[in-house]
Amino acid sequence: MKDSQIRGAEIVIKSLVAENARYIFGYPGGAIMPVYDALYDYMDHIQHILTRHEQGAIHAAQGYARVSGQVGVCMATSGPGATNLITGMADALIDSTPLVCITGQVASHLLGTDAFQETDVVGISMPATKWNIQVRKVEEIAPAIAKGFHIARSGRPGPVLIDITKDAQTAMGEFNYVPCLNIRSYRPYPKLDDKAIDRAARLINQAKKPYVLFGQGVVLGKAEKALEEFLDKSGIPAACTLLGTGAISESHPNFVGKLGMHGNYGPNLLTNQCDVLIAVGMRFDDRVTGDVKRYAKQAKVIHLELDPGEINKNVKCEVAVLGDCRISLEKLTGKVDQRTHPDWIKAFRELEAEEKRVVVGNDLSPTKVGLTMGEVVRHINEFKSDDAILVTDVGQHQMVAWRYFEYKTSRTQVTSGGLGTMGFALPAALGAQLHDYNRQVICVVGDGGIQMTFQELGTIMQTKAPVKVVLLNNNFLGMVRQWQQLFFDKRYSFTELDNPDFIKIAEAYNFRVQRVDVRGDLRQAVAEMFVHEGPYFLEVVVEKEDNVFPMIAAGSSVEEVRLS
Amino acid sequence: MNKRYTISVFTENFIGILSRITLIFTRRGINIDGFTASESREEGIYRITIVVHTTEEQIIQLSKQIEKIIDVIKAFYYLDDEMVFQEIALYKIPIDNIDSGLERVIRQHNARIISAEKDFVVVEMTGHKEETQELLEVLKEFNVLEFVRSGRVAVAKPMETIDKYL
Ligand SMILES: Cc1ncc(C[n+]2csc(CCOP(=O)(O)OP(=O)(O)O)c2C)c(N)n1
Ligand SMILES: [Mg+2]
């Protein structure tokens, strides 16, 4: 054995350091213990965040990745540790979040013997990862990690899993880290076809009512500026998906609002009136399209997209512009005519006014006794800074916060979009906050969802991350209750909750706390929350049976979006 | 409209890739009618041949999803008339039933006996599924003890090769 040899476990850590990973979100256990032992000597090089549950670890890594644009790293032991990561992997895959997940595995001679804490995590995680691998030899550790980082962050990002047997962790080997730059079977960036750009530009220049829909691809492709310049020149109105929110400022003159089941009235309705639909970095999720058979049938669709698998998957397009949307947008901007579309944009503004009259007014400035989720967000807007990050869980509060929060910059919107994972927000907010202790991170969460990952209050306590938790307590699994009210005859089957005293719990975790149940106290409480320097827990007791509108009921067409 | 398609998949590294590919079909509830795998002309590159009944729209999506797998180099899909393909079938027949009738049937179908054991013979036939199926029907009168048919092996008529994707 040469002197230069080190244990596989140390190679794991040195590889992560070589990739400039700042944090490992993790939880120890038998099969990963050698790596934790190696970590003990590297605390100055990489920070480990001990969460209270592996699901918390992976959601925290997701939150970190979403706001930083870096690969999030999480680590767990074999068996139950590894299976607890699965929800986060599925979430990261569908929301294109770059993650490297490292799991310990039983020693290779025990594989397949139902050894203690042996689970076939490579098998289980296959449909939930972009790529995964089991490493059984020490010399394969560094190359696997290098490949994993490359795959996670390149092209359409996603989660990868590297499962490392315990004997590979304890064996001795050379450390020689070679970053992975190319895999011959993997082409993350399809070559842009200039002819497609030409055809798209021609369609756009001839269009009378062109309409841009943008998604997270703009953020992932760092195409925010390119999109803005395209909109400035072409004068085309633009609406965003849930995950595209914030890619351009909502105060941009061409920005007309949000798409989807609980998006804005005009942007949904007018989808069926445009003549050219320009989809940028979005995938026509069914929550955006409603009944796809009655979606934008009158329009010629131009799809700017990196992933060939998304082309013609849900909506057929006239022109597919395959490639990095930043480059495609820049080229398109060069080819489209300088125009304005005042009448067409006016159509959006008129519907916006109607939505304001029927929905928004009552949400933001209610006259009834009970508090609304909307007015809480209104006060958040009043005191938040421009670059504040909003992390939301899943449910009514998610939709309301998304609708009313004033997004000014990219990467300020963190939520579980494609998977709709309750319990996501609290750990994701922690991860987001760790990226920058000085940014405001507001975690808006429901009384149902917070109880799914409540334990992460402990991680926030330990890290002193100054997360502002805003619990919107309606004493219900509100979103499900809304569906029960609208579609199941108000048969509230198992959606009402007997809740604990949340304030006592948060206090036990050393949060500064405040509970508000009358309107008169709300503004002051929100103001205080932002002034406080450490973690803060604000519970607002809101109306129990409020509904989120507008709404496109499942199976309805976008033009059937209802205001009440 | 459903048609019979053959997907030719060229892949690196074999471990795990079969599962990843079949998951794409099972997730969408599509039955795999034939599946074969072997090393290709290029050392270290495997060639998987999958036969499915589906629509053109679906086969395009399936191929794209297969190509998204990191270790997949390329997936091509073809209709039957765009390929030259064969399957091999083996028929096990008890020795007591061997007579000149059997020999005639074997000759007529361009089949052959590849093994004669104490209690049985093994007949082999190469051909399209319809042909090997027809022989099976005929041989039933001689009491077929076992029958097995391979998945399809196929080469494409278009003169495209995998080299240019490497
Ligand atoms: C893990 C998980 N389980 C179930 C659901 C289904 N679901 C969607 S929203 C919702 C209710 C959420 O309730 P709460 O957290 O109180 O938020 P609210 O809708 O009341 O604002 C449920 C159960 C889900 N999205 N995720
Ligand atoms: Mg609730």
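User: Which charged end sits over the ring of Phe85(B)?
Analyst: In this predicted model, the charged end of Arg152(B) sits over that ring, 3.6 Å from its centre; a charge counts as over a ring if NZ of Lys or CZ of Arg is within 6 Å of the ring centre and within 35 degrees of the ring normal.

User: And what lies over the face of Phe76(B)?
Analyst: Lys74(B) does, at 5.9 Å from the ring centre, and Phe76(B) is also linked by ring pairs with Phe10(B), Tyr78(B) and Tyr165(B) into a cluster.

User: How many aromatic pairs does the structure hold?
Analyst: There are 19 over all chains, where rings of Phe, Tyr and Trp (its six-membered ring) pair if their centres lie within 6.5 Å, with planes under 30 degrees apart called stacked, over 60 edge-to-face and the rest tilted. One of them is the tilted pair of Phe454(A) and Phe502(A), with 5.9 Å centre to centre and 50° between the planes.

User: Are those two buried or exposed?
Analyst: Both Phe454(A) and Phe502(A) are buried, a term for under 20% relative accessible area, with exposed over 50% and partly exposed in between (1.4 Å probe, protein chains only).

User: What about Tyr5(B) and Tyr77(B)?
Analyst: They form an edge-to-face pair, 6.2 Å centre to centre with 70° between the planes. Tyr5(B) counts as buried because its relative accessibility is 3%, whereas Tyr77(B), at 30%, counts as partly exposed.

User: What should I know about numbering and cut-offs?
Analyst: Residues are numbered from 1 along each chain as its sequence is written, with chains lettered from A and ligands numbered from 1 in the order in which they are written. Local features need pLDDT of at least 70 and side-chain atom pairs count only at pLDDT 80 or more, while totals for chains, interfaces and linings use all residues, and side-chain values use heavy atoms, leaving out hydrogens and water.
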